[in-house]
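Here is a short briefing to read beside the sequence and the 3D view. Keep both open and find each residue as you go.

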Amino acid sequence: MFKVISKIEQAYDLNVVMYFENQIKICEHISDVNKKLIEKLIAKKEFTAKKGEVLKVEFLEGEYLISMLFLGMGKEEDFNDNIYREVIFENLSKEKGSVLLSSDSAKLSNYKILAEIVGNVNYNFDDFKIKKEVEKILEVHLFFTEQVEDFNESIILANSTDIARKLVDLPANIINPESLSKRSIELGKEYGFEVEVIDEKGAEELGMNLLLAVGRASITKSKLIIMRYMGNSSSEEIIGLVGKGLTYDTGGLCIKSPDSMFDMKTDMAGAASVIGAMCAISKNKLKKNVIAVIPACENAIDGNAYRPGDIIKSMNGKSVEIINTDAEGRLVLADAITYIVRNEKVTEIIDLATLTGAIMVALGTIATGVFSTCDERYNCLEKASSEHGEKVWRMPLFDEYEELLKSTVADVKHTGGRMGGSITAAKFLQGFTEGLPWIHMDIAGTSYDSGVKWNKKGATGVGVKSLYTYIKNR
Ligand code: BES
Ligand code: MN
Ligand code: ZN
């Protein structure tokens with residue numbers, strides 16, 4: 001899909017040359033007559049290589065028809081990685097076949113980002129179509145003669161992001177708690193992490209009544225998927241990842257409207273990102289200890305569904321008063337957090353969840369809302385995320401919000417009303433973290449059909465790269 005080459009050995013369907021604004025220089029290997037043609041066209045079309053500006057030129061060199069695309073990246077002083085991502089993605093998305101990229105500028109020859117973006121361009125969710133969206137994947141080569149650092153890491157990150165994306169895009173008649181467990185086991189074998197799956201009986205023995213309640217009405221039974229990668233035996237630190245794995249969210253008895261139910265196959269995006277991150281971490285053999293837990297279930301409806309008004313004892317011991325069965329994510333996460341703290345003895349927790357519609361009201365689909373009890377770790381995550389163009393925004397965890405979760409009949413109720421909905425959801429989770437350093441990422445807005453300009457519609461795999469880099473830098 002993507003390669004860096006230092007010698008041109010084949011003909012390409014398209015040759016893309018990238019320039020900063022007003023820094024256009026025509027390649028020396030072109031014959032004088034064609035150089036003249038190009039100069040005239042550049043002048044006539046007033047092409048100056050503004051951000052996203054393109055000029056396509058076709059001409060004969062000997063017997064070869066050459067197609068060239070001059071691609072503007074804007075002013076050098078305004079340039080950044082996200083502009084590169086945006087312009088490359090937009091323009092490569094229109095192409096088919098083989099493309100050669102080149103530039104005089106090393107800044108515009110960022111092969112790590114190219115590996116990532118070519119991954120985004122080539123990702124397609126057309127498994128169910130007889131006629132595929134593209135018959136051929138786009139093959140991109142970068143011509144670059146300077147020293148190339150190893151960028152296998154970027155390739156692995158692109159692949160791991162695709163693994164997460166595919167899990168999210170697959171519908172709920174394919175991905176259920178059972179098939180998600182099977183896929184995790186397969187990936188564990190392929191990428192080198194250990195997988196254990198606990199079934200309903202095991203969950204009952206552990207006292208995971210919140211998880212069991214949410215999944216009870218589904219024909220496919222709940223699972224707790226545990227993935228372990230211990231890459232540093234001389235360290236006591238174990239990073240704990242938790243991913244919301246609702247393979248479908250009907251809302252339960254508090255049923256969603258058809259419109260808001262439609263995309264609820266994506267309610268396991270947190271789980272998918274955690275699985276993708278485990279693949280990348282193991283494949284790149286990070287010297288870290290990471291344990292990930294996925295509470296996998298389906299929030300369905302039938303005669304034994306859990307109800308508003310029920311009082312359920314969590315694995316933690318606290319009783320929870322159920323207010324709205326559509327606020328199921330925090331319930332399954334609460335038990336998964338208790339499990340990972342008590343039974344896996346992790347030293348910090350990061351959870352990813354498509355938790356609230358309220359986070360989309362607050363931040364739209366551009367930034368992930370992040371809550372954390374540790375400034376240092378939050379800063380580390382922010383840095384890791386920005387390296388990959390994944391935007392995060394910190395949200396508050398003020399004590400006052402917790403009062404909204406007081407119940408008259410149980411230790412806690414699980415929703416705090418419409419106002420500040422993503423914050424009260426986070427406060428509910430915090431009540432199960434037992435004082436460990438904790439990061440909570442509400443990816444409801446960013447995991448699917450996000451507003452990020454270098455992703456296709458559909459699943460984004462948000463979090464895979466950020467988690468990987470965060471863990472690598474810890
Ligand atoms: N899975 C949803 C949140 C969600 C909404 C994710 C839209 C992606 C897109 C979650 O389980 C949910 O239903 N949350 C409720 C909570 C409410 C009942 C307190 C919500 O946000 O409306
Ligand atoms: Mn819900
Ligand atoms: Zn949900």
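## Spaces and metal sites

The largest cavity holds about 150 Å³ of space. The model is predicted. Two metal ions, a manganese ion (ligand 2) and a zinc ion (ligand 3), lie 3.2 Å apart.

**Closed cavities**

- The largest cavity is lined by 17 residues, and the closest to its centre are Glu390, Val452, Trp454, Asn455 and Val462.
- Its lining divides into 4 nonpolar, 8 polar and 5 charged residues.
- The count of cavities of 30 Å³ or more comes to 3.
- The second largest cavity has about 40 Å³ of space.
- Thr368, Ser385, Glu390, Lys391, Val392, Met441, Val462, Gly463 and Ser466 line the second largest cavity.
- By class, that lining has 3 nonpolar, 4 polar and 2 charged residues.
- Look at Glu390 and Val462: both are listed for the largest cavity, and both are listed for the second largest cavity.

**The largest pocket**

- The largest pocket has a volume of about 990 Å³.
- Four strands each give two or more residues to its lining: β2 (14–19), β3 (54–61), β4 (64–72) and β5 (98–102).
- The lining has 36 residues, and those nearest the pocket centre are Ile8, Cys27, His29, Met68 and Ser102.
- What classes make up this lining? There are 21 nonpolar, 10 polar and 5 charged residues.

**The second largest pocket**

- The second largest pocket has a volume of about 830 Å³.
- Its lining has 34 residues, and Lys256, Leu355, Thr356, Gly357 and Ala358 are the closest to its centre.
- Three helices each supply at least two lining residues: α10 (329–342), α11 (358–363) and α13 (421–430).
- Which of the elements gives the most to the lining of the second largest pocket? It is α11, with 3 residues.
- This lining divides into 9 nonpolar, 15 polar and 10 charged residues.

**Helix α13**

- Helix α13 supplies residues to the second largest pocket, yet the helix is mostly covered.
- Of its 10 residues, 9 are buried.
- The buried ones are Gly421, Ser422, Ile423, Thr424, Ala425, Ala426, Lys427, Phe428 and Leu429.

**The manganese site**

- The manganese ion (ligand 2) has protein donors from three places in the chain: Asp249 (OD), Asp326 (O and OD) and Glu328 (OE).
- These donors lie 2.1 to 2.2 Å from the ion.
- Along the chain, the donors follow the spacing D-x76-D-x1-E.
- Why is the arrangement irregular? The 6 donor atoms around the manganese ion subtend angles of 72 to 167 degrees, which makes it irregular.
- Asp326 is partly exposed, because its relative accessible area is 23% and the partly exposed class runs from 20% to 50%.
- Glu328 has 1% relative accessibility, so it counts as buried.

**The zinc site**

- The zinc ion (ligand 3) is coordinated by Lys244 (NZ), Asp249 (OD), Asp267 (OD) and Glu328 (OE).
- The distances are 2.0 to 2.4 Å.
- The zinc site is octahedral, with angles of 77 to 173 degrees among 6 donor atoms.
- In sequence, the zinc donors are spaced K-x4-D-x17-D-x60-E.
- Asp249 bridges the zinc ion (ligand 3) and the manganese ion (ligand 2).
- Asp249 lies in strand β10 (residues 245–249), while Glu328 lies in the loop between β13 (319–321) and α10.
- The pair is 79 residues apart in sequence, so it ties together distant parts of the chain.
- Is Asp249 buried or exposed? At 3% relative accessibility, Asp249 counts as buried.

**Ser105 in its loop**

- Ser105 sits in the loop between β5 and α3 (111–122).
- Strand β5, on one side of that loop, is among the strands that line the largest pocket.
- Ser105 is buried, because its relative accessible area is 17% and buried means under 20%.
- A polar atom of the Ser105 side chain lies 3.1 Å from the backbone nitrogen of Lys107.

Key:
Residues are numbered from 1 along each chain as its sequence is written. Chains are lettered from A and ligands numbered from 1 in the order in which they are written. This is a predicted model: local features need pLDDT of at least 70, side-chain atom pairs count only at pLDDT 80 or more; totals for chains, interfaces and linings use all residues. Side-chain values use heavy atoms; hydrogens and water are left out. Donors are N, O and S atoms within 2.8 Å of the metal (3.2 Å for Na, K and Ca); water is not among the atoms, so sites may look incomplete. Four donors count as tetrahedral if all angles lie between 85 and 135 degrees; four count as square planar and six as octahedral if opposite donors are over 155 degrees apart and all others between 65 and 115; anything else is irregular. Buried means under 20% relative accessible area, exposed over 50%, partly exposed in between (1.4 Å probe, protein chains only). On a 1 Å grid over the protein atoms alone, a cavity is a set of points where a 1.4 Å probe fits but cannot get out, and a pocket is an open set with protein on both sides within 12 Å along at least five of seven lines; lining residues have an atom within 4 Å of a point. Grid points are joined across faces, edges and corners, and a volume is the space filled by probe spheres set on the points. Ala, Val, Leu, Ile, Met, Phe, Trp, Tyr, Cys and Pro count as nonpolar, Asp, Glu, Lys and Arg as charged, and the others, Gly among them, as polar. A polar contact is a pair of N or O atoms within 3.5 Å; within protein, one must be able to donate a hydrogen and the other to accept it, and residues adjacent in sequence count only if both atoms are side-chain atoms.
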